[in-house]
Amino acid sequence: HTPSNPLKPGNYIYIEARTDSQLCVLDSQNKLSTFTLKAGMNQKVHGAAPFLLNASNWQGLQVFFQGRPVRVEQDGNPHLMLNSLPL
């Protein structure tokens, strides 16, 4: 996924949990972050794009990248790649 018309820099992602969820984030510098988020929690993950996200429950998460919501297709794929655009 690459956002159209980015509003913010591409050095972090913002995640909101609608339901209890687990998530792993790997940035281009091989920095791995893992999270267990309870419903209602949010998390900001800083790093270098592109980011590779892995989650078992995409419908329970809302991901924002470069100031835009990311729409995750419900095709059963646990992975999502986020590529940044310059502002």
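Two strands count as paired if DSSP finds at least two bridges between them. Strands (E, at least two residues) and helices (H or I, at least four) are DSSP runs numbered from the N terminus. The model shown is predicted, so local features need pLDDT of at least 70 and side-chain atom pairs count only at pLDDT 80 or more, while totals for chains, interfaces and linings use all residues. Residues are numbered from 1 along each chain as its sequence is written, and side-chain values use heavy atoms, with hydrogens and water left out.

**View 1. Strand 5 and strand 8, with Leu53 opposite Leu80.** Strand 5 and strand 8 pair in the antiparallel sense, over four bridges. Within this pair, Leu53 of strand 5 faces Leu80 in strand 8. Strand 5 also pairs with strand 2, again antiparallel and over four bridges. There, Leu26 has Leu52 of strand 5 as its bridge partner.

**View 2. The two faces of strand 5.** In a regular strand the side chains alternate between the two faces of the sheet. In strand 5, Phe51, Leu53 and Ala55 make up the covered face. Leu52 and Asn54 make up the uncovered one.

**View 3. The surroundings of Leu53.** Contact here means heavy atoms within 4.5 Å. With neighbours within four places in sequence left aside, Leu53 is in contact with Ile13, Leu23, Cys24, Val25, Trp58, Val63, Pro78, His79, Leu80 and Leu82.

**View 4. The largest nonpolar core.** A nonpolar core is a set of buried Ala, Val, Leu, Ile, Met, Phe, Trp, Tyr and Cys residues joined through side-chain atoms within 4.5 Å. Buried means under 20% relative accessible area, exposed means over 50%, and partly exposed lies in between (1.4 Å probe, protein chains only). The largest core has 19 residues, of which Ile13, Leu23, Val25, Leu53, Trp58, Leu61 and Leu82 touch the most other members. Two or more residues of this core come from each of strand 1, strand 2 (21-26), strand 3 (32-37), strand 5 (51-55), strand 6 and strand 8 (79-82).

**View 5. The open sheet of four strands.** The strands of this sheet stand in the order 4-1-6-7, with antiparallel pairing. Strand 4 (42-46) and strand 7 (68-70) are at the edges with a single partner strand each, so one side of each has no neighbour in the sheet. Neighbouring strands are turned by 25° against each other on average, direction ignored; the axes behind this angle are lines fitted to C-alpha atoms, for helices over the stretch in contact, and angles run from 0 to 180 degrees between N-to-C directions.

**View 6. Strand 1 between strand 4 and strand 6.** Strand 1 (residues 12-17) and strand 6 (residues 61-65) run antiparallel and are joined by five bridges. Strand 1 also pairs with strand 4 in the antiparallel sense, over five bridges. Tyr14 stands opposite Lys44 in strand 4 and opposite Phe64 in strand 6. Ala17 has Leu61 of strand 6 as its bridge partner.

**View 7. The cis peptide bond between Ala49 and Pro50.** The omega angle of this bond is about 0°. Pro50 is in the loop between strand 4 and strand 5.

**View 8. Asn5 and Asn30, two residues with positive phi.** Asn5 is not a glycine, yet has a positive phi of about 50°. Asn5 lies in the segment before strand 1 and counts as exposed, at 58% relative accessibility. Asn30, also not a glycine, has a positive phi of about 65°. Asn30 lies in the loop between strand 2 and strand 3 and counts as exposed, at 64% relative accessibility.

**View 9. The protein chain as a whole, with zero helices and eight strands.** From the N terminus on, the elements run β-β-β-β-β-β-β-β. The radius of gyration is 12 Å, close to the 12 Å that the globule rule gives for 87 residues, so the chain is as compact as a globular protein of that length. This radius is taken over C-alpha atoms, and the globule rule is 2.2 Å times the number of residues to the power 0.38. Along the principal axes, the C-alpha atoms fill a box of roughly 35 × 25 × 25 Å. Of the 87 residues, 34% count as buried.
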